[in-house]
Amino acid sequence: LCSLHILRALSSAQKDAGDEPRVLSVEDDGEAIGPWPDGSPEFLNALHYAATRAAKTGGGVEVLAIITPQDQTHWLGVAEKMREEARETIEENFKIYSNWMKEELKLEAELVIREGEKATEVLNQISEDKEVGVLVLGANNSSEGPGPLVSQLVSRDGGNLPIPVTIVPGSMTKERIEAVS
């Protein structure tokens, strides 16, 4: 199975005004065992924050799932089958999050699937989508740190990112997220 799952939620700019920044939310789960988030607090909080922010700015939501390359490529047929299954799982699970955003926040969601190294693909997506105005990362609340993607993007690339970064703690309550987004 793929070892990564990332959520990207974007608030599109208000269609007529064109001045509201889009929100990019990324879930980072270094211990992930499948191609989609498992409902961890940091994933759900990042999604909730980004979707609530998108709703308040009159935007939409786009979800980015990244499938990481396989370490063992001598079984190309197996690797291809695993990628296909990962895509199917991503699409099925996307429907759940998309329906939640539509029912609860009246937001339309769109899915983008990329393949590659997670930090690189997040940076590529930011680079390619010029309407993204904020990067939202869900941080693990364990004693091991916020997660590898948060650490990598903020410590290594943070000073060079073309947009601001918001980190949403996994321990944050739904009520507090709604109050600050």
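**Exercise 1. A pair within one helix**

Task: State where Glu-80 and Arg-83 lie in this predicted model, and how many residues apart they are.

Solution.
Step 1. Both residues belong to helix α2, which covers residues 76-105.
Step 2. They are three residues apart, about one turn of the helix.
Step 3. An α-helix has 3.6 residues a turn, so residues three or four places apart point the same way.
Step 4. Side chains of opposite charge can pair when their charged atoms come close.
Step 5. Here the side chains of Glu-80 and Arg-83 meet in a salt bridge, at 2.4 Å from N to O.
Step 6. Glu-80 has a relative accessible area of 33% and Arg-83 one of 23%. Partly exposed residues lie between the limits of 20% and 50%, so both belong to that class.

**Exercise 2. From the pair to a network**

Task: Which residues are linked with Glu-80 and Arg-83 in a network of salt bridges?

Solution.
Step 1. Take the salt bridge between the side chains of Arg-87 and Glu-115, which is 3.3 Å from N to O.
Step 2. This pair links distant parts of the chain: Arg-87 is in helix α2, Glu-115 is in strand β3 (residues 109-115), and 28 residues separate them.
Step 3. Arg-87 is partly exposed at 30% relative accessibility, and Glu-115 is partly exposed at 37%.
Step 4. The network joins Glu-80, Arg-83, Arg-87 and Glu-115. The structure as a whole holds six salt bridges.

**Exercise 3. Another salt bridge**

Task: Are Glu-121 and Arg-114 buried or exposed?

Solution.
Step 1. Glu-121 and Arg-114 form a salt bridge, and their closest N and O atoms are 2.5 Å apart.
Step 2. The relative accessibility of Glu-121 is 10%, and that of Arg-114 is 14%.
Step 3. The cut-off for a buried residue is under 20%, so Glu-121 and Arg-114 are both buried.

**Exercise 4. The loop after α2**

Task: What is the phi of Lys-106, and where is this residue found?

Solution.
Step 1. Lys-106 is in the loop between α2 and β3.
Step 2. Its phi is near 60 degrees, a positive value in a residue that is not glycine.
Step 3. Most residues other than glycine have a negative phi.
Step 4. Lys-106 has a relative accessible area of 68%. The limit for exposed is over 50%, so Lys-106 is exposed.

**Exercise 5. The buried side of α4**

Task: Which residues of helix α4 are buried, and why do they lie on the same side of the helix?

Solution.
Step 1. Helix α4 covers residues 148-156, and its buried residues are Leu-149, Val-150 and Leu-153.
Step 2. These residues cover an arc of only 100 degrees around the axis, so they are on the same side of α4.
Step 3. Leu-149 and Leu-153 are also among the residues with the most contacts inside the largest nonpolar core, which has 14 residues.
Step 4. At least two residues of this core come from each of β2, α3 (118-128), β4 (132-139) and α4.
Step 5. Another core, of eleven residues, lies apart from it; among its members are Phe-43, Ala-51, Tyr-97 and Leu-107.

**Exercise 6. Two valines in strands**

Task: Are Val-61 and Val-165 buried or partly exposed?

Solution.
Step 1. Val-61 is in strand β2 (residues 61-67). Val-165 is in strand β5 (residues 165-169).
Step 2. Val-61 has 4% relative accessibility and therefore counts as buried.
Step 3. Val-61 and Glu-108 are 47 residues apart in sequence, yet 6.1 Å apart in space from C-alpha to C-alpha.
Step 4. Val-165 has 32% relative accessibility and therefore counts as partly exposed.
Step 5. Together with Val-154 and Ile-167, Val-165 makes a nonpolar surface patch of about 200 Å².

**Exercise 7. The whole chain**

Task: In what order do the elements run from the N terminus on, and how many of the contacts link residues 24 or more positions apart?

Solution.
Step 1. The protein chain has five helices and five strands.
Step 2. Their order is β-α-β-α-β-α-β-α-β-α.
Step 3. Among contacts with a separation of 6 or more, 75% are between residues 24 or more positions apart.
Step 4. The chain has 181 residues, and 48% of them count as buried.
Step 5. The accessible surface comes to about 9,100 Å², and carbon and sulfur atoms account for 48% of that surface.

Methods:
Residues are numbered from 1 along each chain as its sequence is written. This is a predicted model: local features need pLDDT of at least 70, side-chain atom pairs count only at pLDDT 80 or more; totals for chains, interfaces and linings use all residues. Side-chain values use heavy atoms; hydrogens and water are left out. Helices (H or I, at least four residues) and strands (E, at least two) are DSSP runs, numbered from the N terminus. Buried means under 20% relative accessible area, exposed over 50%, partly exposed in between (1.4 Å probe, protein chains only). The arc is that of the directions from the helix axis to the C-beta atoms. A nonpolar core is a set of buried Ala, Val, Leu, Ile, Met, Phe, Trp, Tyr and Cys residues joined through side-chain atoms within 4.5 Å. Patches are made of residues with over 30% relative accessible area and no salt bridge: like charges are joined within 9 Å, nonpolar side chains (Val, Leu, Ile, Met, Phe, Trp, Tyr) within 5 Å. Accessible areas come from the Shrake-Rupley method with a 1.4 Å probe; for residues, only the protein chains shown count as cover. A salt bridge is a side-chain nitrogen of Lys or Arg within 4 Å of a carboxyl oxygen of Asp or Glu. Contact means heavy atoms within 4.5 Å.
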